[in-house]
Amino acid sequence: MELLQAPLWTDIENWPLSFEIAVSWLFPLLESLHVIAAAMVLGAIFMVDLRLLGLSATVYPLSQLSRELAPWSWWAFAITTLTGLGMFITRASNHVLNPAFQWKMVLLALAGINMACLHWIISRNRHQWDLDRSPPVAARLSGALSLVLWIGVMLAGRWIGHLS
Amino acid sequence: MDEINQWLIAAISDSTLQAACLYLLRTVPGFPPIIQTVHILGIAVIMGTVVMLNLRLLGLAAVGQSVAEMRCRLLPWFWWALLLNALSGAVLVLALPARYFNNPIFISKMALIVVAATLTLVVQRRARSRPVDDTTAASKLIAALSLLLWLLIPLAGRWIAYLEFLYPLYR
């Protein structure tokens with residue numbers, strides 16, 4: 001893919017901000033926040049996934065659990081995105097060609113699509129099964145897929161450093 | 001204190017256990033990132049359980065859920081995650097004991113874990129003696145402290161490596 005070889009990525013690395021992050025205490029700070037926020041994203045999402053699978057918190061309606069946990073995963077996700085971008089710009093041309101980084105982006109996109117499916121397709125008749133200990137097959141499948149995809153995102157993310 | 005560290009380093013070095021851990025890390029393809037991911041997934045469970053419970057005790061999260069019920073449901077997952085992280089972390093420590101026992105941040109992290117786990121045990125015990133949701137100042141103080149510690153611990157974990165980078169003496 002030509003886009004991945006484009007001069008744009010080295011231009012990004014040459015931004016004064018990229019240099020500033022790369023050579024200062026900012027990089028370790030961003031990375032530390034990234035790991036903690038990522039753990040929070042997964043921790044909150046896993047709770048909802050386990051509820052979807054009927055494995056935990058079955059005393060609560062799915063809607064309540066997801067309403068109470070979603071803000072935590074979204075805020076934490078916003079932090080991982082910002083801190084992730086901050087780290088990305090220091091080695092942009094390297095990262096776009098790093099297979100682990102590419103896998104991570106693909107898995108993130110799939111996790112997003114899975115979440116959208118859950119919201120728009122499965123949730124339409126949610127009021128009928130909101131209280132069910134074990135939701136319909138499609139919802140359970142989405143929960144299982146979410147668990148696998150987010151674990152994949154974490155694994156690919158951790159692998160980036162081992163390849164660069 | 002340092003005598004204990006040096007004794008531990010000497011005891012682990014050249015042991016079969018160390019050889020086994022080094023073998024796993026050096027010869028199994030992808031083992032280092034995989035074991036690190038297992039460790040971070042354990043941290044994710046800690047965030048979803050004890051951190052969420054402490055946020056609930058402080059009235060900041062999941063206010064529609066009962067504290068007593070959350071404690072019964074979440075804490076078993078938390079203790080399993082702590083065990084998982086002790087094991088996944090031990091593989092790394094046993095492989096290179098000098099790297100860890102000479103690193104002051106690693107030692108601090110272990111101390112923080114002991115304090116935080118004790119506080120979590122206190123939260124669990126208080127639950128048993130108070131079946132109704134308790135939101136007294138004492139409970140909130142313990143929850144705030146426990147929350148802070150469980151966030152500092154992964155931070156300290158990340159900084160074990162940065163200390164080596166900043167002060168090559170520790171490498």
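## A tour of chains A and B

Begin by selecting B:Cys21, which is buried, with a relative accessible area of 7%; keep in mind throughout that this is a predicted model. Select B:Cys72 next, and you come to a residue that counts as exposed at 61% relative accessibility. Across all chains the structure holds 0 disulfides.

Now show both chains together and colour the residues that touch across the boundary: 28 residues of chain A are in contact with 32 residues of chain B. The area buried between chain A and chain B is about 2,700 Å², and carbon and sulfur atoms give 75% of it. On the chain A side, select A:Ile36, A:Trp72 and A:Arg158, which lose the most area to chain B and together account for 20% of what that side buries.

Stay at this interface and look for polar pairs, of which the rule finds 9 between residues of chain A and chain B, with both partners at pLDDT 80 or more. To see where the chain A side comes from, display α3 (26-52), α4 (62-88) and α8 (137-163) of chain A, each of which supplies at least two residues of the side that touches chain B. Among these helices, α3(A) gives the most, with 13 residues. Coloured by class, this side of chain A has 20 nonpolar, 5 polar and 3 charged residues.

The next stops are salt bridges, of which the structure holds 3 over all chains. B:Arg158 lies in helix α7 (residues 137-166) of chain B and A:Glu31 in helix α3 of chain A, so this pair joins two chains. Their side chains meet in a salt bridge at 3.9 Å, N to O, and both B:Arg158 and A:Glu31 are buried. The count of salt bridges between chain A and chain B is 1.

Move into chain B and select B:Glu69 with B:Arg73, whose side chains meet in a salt bridge at 2.8 Å, N to O. Because they are 4 residues apart in helix α4 (residues 67-95) of chain B, B:Glu69 and B:Arg73 are separated by about one helical turn. B:Glu69 counts as partly exposed at 22% relative accessibility, whereas B:Arg73 is buried, with a relative accessible area of 10%.

Finish with B:Glu164 and B:Arg99, whose side chains form a salt bridge at 2.6 Å, N to O. B:Glu164 lies in helix α7 of chain B and B:Arg99 in helix α5 (residues 97-101) of chain B, so the pair ties together parts that are 65 residues apart in sequence. Here B:Glu164 counts as buried at 8% relative accessibility, while B:Arg99 is partly exposed, with a relative accessible area of 27%.

Technical notes
Residues numbered from 1 in each chain as written. Chains lettered and ligands numbered in written order. Predicted model: local features only at pLDDT ≥ 70, side-chain atom pairs only at ≥ 80, totals over all residues. Heavy atoms only, no water. Contact = heavy atoms within 4.5 Å. Buried area = accessible area lost by both parts, 1.4 Å probe. Salt bridge = Lys/Arg side-chain N within 4 Å of Asp/Glu carboxyl O. Polar contact = N/O pair within 3.5 Å; in protein donor to acceptor, adjacent residues only side chain to side chain. Nonpolar A, V, L, I, M, F, W, Y, C, P; charged D, E, K, R; others polar. Disulfide = S-S within 2.5 Å. Buried < 20%, exposed > 50% of the residue type's maximum accessible area, 1.4 Å probe, protein only.
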